[in-house]
Amino acid sequence: MSFRIIVLAKQVPDTRNVGKDAMKADGTVNRAVLPAIFNPEDLHALEQALRIKEMLSGNAEIILLTMGPVRASEIIREAMYRGADKGYLITDRKFAGSDTLATSYTLSLGVKKLAPYHLVLCGHQAIDGDTAQVGPQTAEKLGIPQITFAEEISSVSEKKVIVKRRLERGIEVVESTIPVLITVHNSAPVCRSRNSKLLMKNKHARTVSELQEETRDYAELHTSRPYLRIEEWNAIDLAASPESLGLTGSPTKVKKIENVVFQQKESKVLSNSDRDIEGLVKELINSHIIG
Amino acid sequence: MKNVFVYCEIDEGVVADVSLELLSKGRKLANELNCKLEALVIGSKLNDVDKQISPFGVDVIHIADDEKLFPYLTLPHTTITLDVFKQEQPIVALFGATSVGRDLAPRIASSLKCGLTADCTSLVIGDHTENKTQTVYKNLLYQIRPAFGGNIIATIINPETLPQMATVREGVMKKEIVSKTYKSEIKKVNIGKLLTDADFVTKIIERHIEKQKINIKNSQIIIAGGYGVGSKENFNLLYELADLIGAEVGASRAAVDAGYVEHDRQVGQTGVTVRPKLYIACGISGAVQHRAGMDQSAQIISINSDPDAPIHNIADFTIIGEVQDIIPKMIKYYKSNTK
């Protein structure tokens, strides 16, 4: 049985650098303007998968599974350029508005469809939702153990895995049976960059939906090279229960969103002159803040 | 039944600060909701845990005490917590947003199919009217937190599911003793019939956890250094001023990542939250994640050679200049004005 590693990944808006262009006049964030990227910690997870494959002398299969709109297939190709073997896109309008519970339900159906598997890896958290919940919730739905805050997957065999975890004030090394879900922390090594041979090999990989949009005829290419076909699964393919999907399947609801607007404080600006500094120190002493 | 629950973390028999802070918040929520406050403690060597917990106004303490339960492992803690929650049917369940809480709470929420909001910065009781159906929900827990990289504040509610779960980071809530003689009922959890071999498929082989040497949280004055301080050696200036005025030294994540200072001193979203009467930010640009950990300081002084650093927007006093230039002057004038 080939060692199967499923990497769960998400395409997210790049929230790390919300510059002036992304802020609209009314103070709201214009998500459409933010570049869509491969969630950083999911890339760390992919790197761990690639290292495990190397540890097993190449005798492993890395499958990237992502749930998102049609364009999320971009991250499947990105993963293939770095060494993933194939990818599946879980996409359906019915998934819109999913919170972490509905998302983990949907993802777990996708993982079950890929059984038997040995490891499920994912990033610790996504930079848009920031919850770090989907990993553990997916593990619970799959009925498998979980190891969070993983910094390094040190060794792997058919039956066991040893993982080093990075905790608040130190490290912990744990051993678990297989299958197991592991969430990878950003203290883990950065993902290797694209491999030019893999890029050339996989750059025409497309999903069914993407093929419909393409002007170029991919039919012949995809027939002769079936690994270029990225499969799409919708709610029916997953035999999903409608009440567990999307908004309906989400117990958490957003009541209100407020934009963080910068309130300029009445700030007193001082120079670095001796006079100004001494003045400040005296003021702090006089008001009993220091001294 | 139908009370506010707080899962309390234990390290070598000592209840974690974040759990005590959550008990204090839990007590206030329970008062508003007219119900009781219950604590759940799972670990080892828990003989005097009730003495640590009761003063925070805890009505019932559920204790699961066994050497197999420390250090924390996902599966046994999940099994026990689910069993207690299924019996006691909490309406609110709070966990610290720590490596334990962030591992355990989502697994519990998934099993109970209820809502969980992570890293809440505020918890408030309020009502909600569903626009489509005009259904009115009373006394819901508003779970308030930053999102989208810190650029928005969201209020989340779970109108249809229980318990309403939330995780909160250390330092966000305040610890408050209700009464040193508060009486709690103790309920021992019988783990013998709950746990099986299946709960122990994951084993800890090694553990190197340092004891917390420094805790800057309670200091009234904090002098924090950022990447702009420039080096580990330059931080000595901050330590010198701190010694002089009775302050603690803090740092931004950038300074910790650069190796200038230890992680225990980190202030911010992935460090500690502090609320001193005076916060002096030295060479800190003031990213959203840092501000989240200190913007509740009573007075803020920012020292930065960059006049456009965002930190200046929340400062009461802004000094444009070099840290190596200004701190020695502050030291000099403090000494000369406090003979």
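Which helix of chain B holds B:Asn31? Select B:Asn31 and see: the residue is found in helix H1 of chain B. Keep in mind that this is a predicted model.

**Stop 1: B:Asn31**

Leave B:Asn31 selected and show its neighbours. The residue is partly exposed, because 14 other C-beta atoms lie within 10 Å, and a buried residue would need 20 or more. Now add B:Ile191. The two residues are 160 residues apart along the chain. Their C-alpha atoms are separated by 31 Å.

**Stop 2: the sheet of chain B**

Switch to a cartoon of chain B. Look for an open sheet of seven strands. Trace the order S7-S11-S6-S1-S4-S5-S12 in chain B, with parallel pairing. The edge strands are S7 and S12 (185-188) of chain B, each pairing on one side only.

Next, select residues 60-65 of chain B, which form strand S5. S5(B) pairs with S12(B) in the parallel sense, over four bridges. Pick B:His62 and look across: B:Lys187 in S12(B) stands opposite.

Bring back helix H1 (residues 17-33) of chain B. H1(B) packs on the sheet and touches S1 (4-8), S4 (37-43), S6 (92-96) and S11 (164-168) of chain B. The direction of H1(B) makes about 175° with that of S1(B).

**Stop 3: helices H3 and H4 of chain B**

Select residues 74-88 of chain B for helix H3. H3(B) lies across S1, S4, S5 and S6 of chain B. It runs at about 155° to S4(B).

Add helix H4, residues 101-112 of chain B. The two helices pack at an angle of about 50°, and their axes are 10 Å apart. H3(B) and H4(B) are therefore oblique to each other. Their crossing is right-handed.

Show the side chains where they meet. From H3(B), pick B:Thr74, B:His77, B:Thr78, B:Thr81, B:Leu82 and B:Phe85. From H4(B), pick B:Asp103, B:Leu104, B:Arg107, B:Ile108, B:Ser111 and B:Leu112. Colour this contact by class: five residues are nonpolar, five are polar and two are charged.

**Stop 4: H4 meets H4**

Keep H4(B) on screen and add helix H4 (residues 134-142) of chain A. Which way do these two helices cross, right-handed or left-handed? The crossing of H4(A) and H4(B) is right-handed. Their axes come within 8 Å and cross at roughly 45°. That angle makes H4(A) oblique to H4(B).

On the chain A side, select A:Pro136, A:Gln137, A:Glu140 and A:Lys141. They meet B:Asp103, B:Pro106, B:Arg107, B:Ala109, B:Ser110 and B:Ser111 in H4(B). By class, this contact holds three nonpolar, three polar and four charged residues. B:Asp103 takes part here, and B:Asp103 also belongs to the contact of H4(B) with H3(B).

**Stop 5: the whole A-B interface**

Widen the selection to both chains. In total, 69 residues of chain B are in contact with 61 residues of chain A. Several elements of chain B each supply at least two residues to this side, among them H3, H4, strand S9 (136-147) and helix H8 (323-337). S13(B) gives the most, with eight residues. Colour the chain B side by class to find 31 nonpolar, 24 polar and 14 charged residues.

Zoom in on S13(B) and add strand S9 (residues 170-177) of chain A. These strands pair across the interface in the antiparallel sense, over seven bridges. For a landmark, pick A:Glu172, which stands opposite B:Arg207 in S13(B).

**Stop 6: chain A**

Hide chain B. Chain A has eight helices and 14 strands. Its C-alpha atoms fill a box of roughly 80 × 45 × 45 Å along the principal axes. Of its 291 residues, 45% are buried. Among its contacts with a separation of 6 or more, 70% link residues 24 or more positions apart.

Finish on strand S4, residues 60-67 of chain A. S4(A) is mostly covered, with seven of its eight residues buried. Select S1 (residues 3-9) of chain A: seven bridges join S1(A) to S4(A), and the two run parallel. A:Ile5 stands opposite A:Ile62 in S4(A). Then select S5 (residues 86-90) of chain A, which pairs with S4(A) in the parallel sense over five bridges. Here A:Tyr88 in S5(A) is the bridge partner of A:Leu65.

Methods. Residues are numbered from 1 along each chain as its sequence is written. Chains are lettered from A and ligands numbered from 1 in the order in which they are written. Axes are lines fitted to C-alpha atoms, for helices over the stretch in contact, and angles run from 0 to 180 degrees between N-to-C directions. Angles under 35 degrees count as roughly parallel, over 145 as roughly antiparallel, 65 to 115 as roughly perpendicular and the rest as oblique. A crossing is left-handed if the near helix is turned anticlockwise from the far one by less than a right angle, and right-handed if clockwise. Two residues are in contact if their C-beta atoms, placed from the backbone, lie within 7 Å. Ala, Val, Leu, Ile, Met, Phe, Trp, Tyr, Cys and Pro count as nonpolar, Asp, Glu, Lys and Arg as charged, and the others, Gly among them, as polar. Two strands pair if DSSP finds at least two bridges between them. A residue is buried if 20 or more other C-beta atoms lie within 10 Å of its own, exposed if 12 or fewer, and partly exposed in between; C-beta atoms are placed from the backbone.
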